[in-house]
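Please open the structure in a viewer with the secondary structure displayed as a cartoon. The tour below proceeds by selection, each step stating what to select and what is found there.

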Amino acid sequence: MSINHQARKRFGQNFLVDQQIIGQIVSAINPKVDDNLVEIGPGRAAITEHLIKLCPAMSVLELDRDLVEFLGEKFVDYEEFTIHSGDALKTDFSQLYDNRELRLVGNLPYNISTPLLFHLLNVRHLIKDMHFMLQREVVDRIGAAPGTKAYGRLSVMIQYHCRVSPLIPVPPESFRPAPRVQSAVVRLKPHKTMPWVCDNEALLSNVVSQCFQQRRKTLRNCLRPLTDDLDSAAEIIDLSRRAEQLSVAEFVELTNSINKSRQPL
Ligand code: SAH
């Protein structure tokens, strides 16, 4: 089956073939035998076959049923190995938590990477770390600092929840078929102690989206649809600034102030 299986575009299949890169990814993950290690989209097991030697009780989550069958046959001798057949976007990852924090890894289909990251942030308190292969441009955006072109909603929301470490740049030739874009592996480690105190995370998400919707607009203009009382916010943050100049900490302060002014006294 493995030989005949054609890479499927609709499943975002670009299989890793570069053994040097695979080795670097496995060392970066550094799996331990007792880890609650879950690989999303294992495909033909390019990374899995190395991970499983270090962590035989790992599990995988794969959407393509042909590959699920292939994986079952390939790892039939690993009795503690678990295969979940399904869509990562619809998976309740809290079900995979078993008093051991999740360690998630994956060379993800690039079309689902952003929604999947947001899906996973909902359970960030159950996650020890994540190592994902993403489009390099997405990794740049996730790790971007204020004042840079790449800085936006994705940077603020991911950095609010996680420490971001871009690790390994990966060229298109490392995959079959080769994707049209550059890739990179990033490590995301959810903060154990939050570096900031946000009183209303849903509002933070709203404020950040609203402020980046039109990057060239001032914060004051962006925020008007959210609230008509910006007086106390203006005391904390100069609202003639633009979203791309605000640090994550400042977005949190801004949100807390709007949150307070919206509450009945
Ligand atoms: N990790 C492998 C495969 C990468 S290709 C490697 O590096 O070679 C991406 C993999 O994700 C494919 O196996 C594809 O079938 C799987 N996949 C695609 N969409 C998925 C989803 N929504 N949930 C889980 N797996 C998915």
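The model is a predicted one, in which local features need pLDDT of at least 70 and side-chain atom pairs count only at pLDDT 80 or more, while totals for chains, interfaces and linings use all residues. Residues are numbered from 1 along each chain as its sequence is written, and side-chain values use heavy atoms, with hydrogens and water left out.

**The sheet**

Begin with the strands; helices (H or I, at least four residues) and strands (E, at least two) are DSSP runs, numbered from the N terminus. Seven strands form an open sheet of mixed pairing, in the order β4-β3-β2-β5-β6-β9-β7; two strands pair if DSSP finds at least two bridges between them. At the edges are β4 (82–85) and β7 (162–170), each of which pairs on one side only. Neighbouring strands of this sheet are turned by 20° against each other on average, direction ignored. Such angles run from 0 to 180 degrees between N-to-C directions, with axes fitted to C-alpha atoms, for helices over the stretch in contact.

**Strand β5 and its partners**

Select residues 102–107, strand β5: six of its six residues are buried, that is, under 20% relative accessible area (1.4 Å probe, protein chains only). In a regular strand the side chains alternate between the two faces of the sheet. Here Leu-102, Leu-104 and Gly-106 point one way, and Arg-103, Val-105 and Asn-107 the other.

Add strand β2 (residues 36–40), which pairs with β5 in the parallel sense over four bridges; Val-38 stands opposite Leu-104. Then add strand β6 (residues 127–135), joined to β5 in parallel by six bridges, with Arg-103 opposite Asp-129.

Display helix α4 (residues 113–121) as well: β5, α4 and β6 make a right-handed β-α-β unit. Right-handed signifies that, with the strands pointing away from the viewer, the path from the first strand over the helix to the second runs clockwise.

**Strand β3 and Ser-59**

Move to strand β3 (residues 59–62), which runs parallel to β2 and is joined to that strand by three bridges. Glu-39 stands opposite Val-60 in β3. Helix α3 (residues 65–74) lies across β3 and β4, running at about 170° to β4.

Now select Ser-59 in β3. Is Ser-59 buried or exposed? Ser-59 is buried, because its relative accessible area is 8%. Leaving aside neighbours within four places in sequence, Ser-59 is in contact (heavy atoms within 4.5 Å) with Leu-37, Val-38, Glu-39, Thr-82 and His-84.

**Pocket and cavities**

Both kinds of space are found on a 1 Å grid over the protein atoms alone: a cavity is a set of points where a 1.4 Å probe fits but cannot get out, a pocket is an open set with protein on both sides within 12 Å along at least five of seven lines, and lining residues have an atom within 4 Å of a point. Points are joined across faces, edges and corners, and a volume is the space filled by probe spheres set on them.

The largest pocket holds about 410 Å³. Of its 30 lining residues, select those closest to its centre: Phe-11, Gly-41, Glu-62, Asn-107 and Pro-109. The elements giving two or more residues to this lining are β1 (15–16), β2 and β3.

There are two cavities of 30 Å³ or more, and the largest has a volume of about 60 Å³. Its lining includes Val-105, Gly-106, Asn-107, His-131 and Phe-132. At least two lining residues come from each of α1 (19–29), β5 and β6.

Note on methods. Buried < 20%, exposed > 50% of the residue type's maximum accessible area, 1.4 Å probe, protein only.
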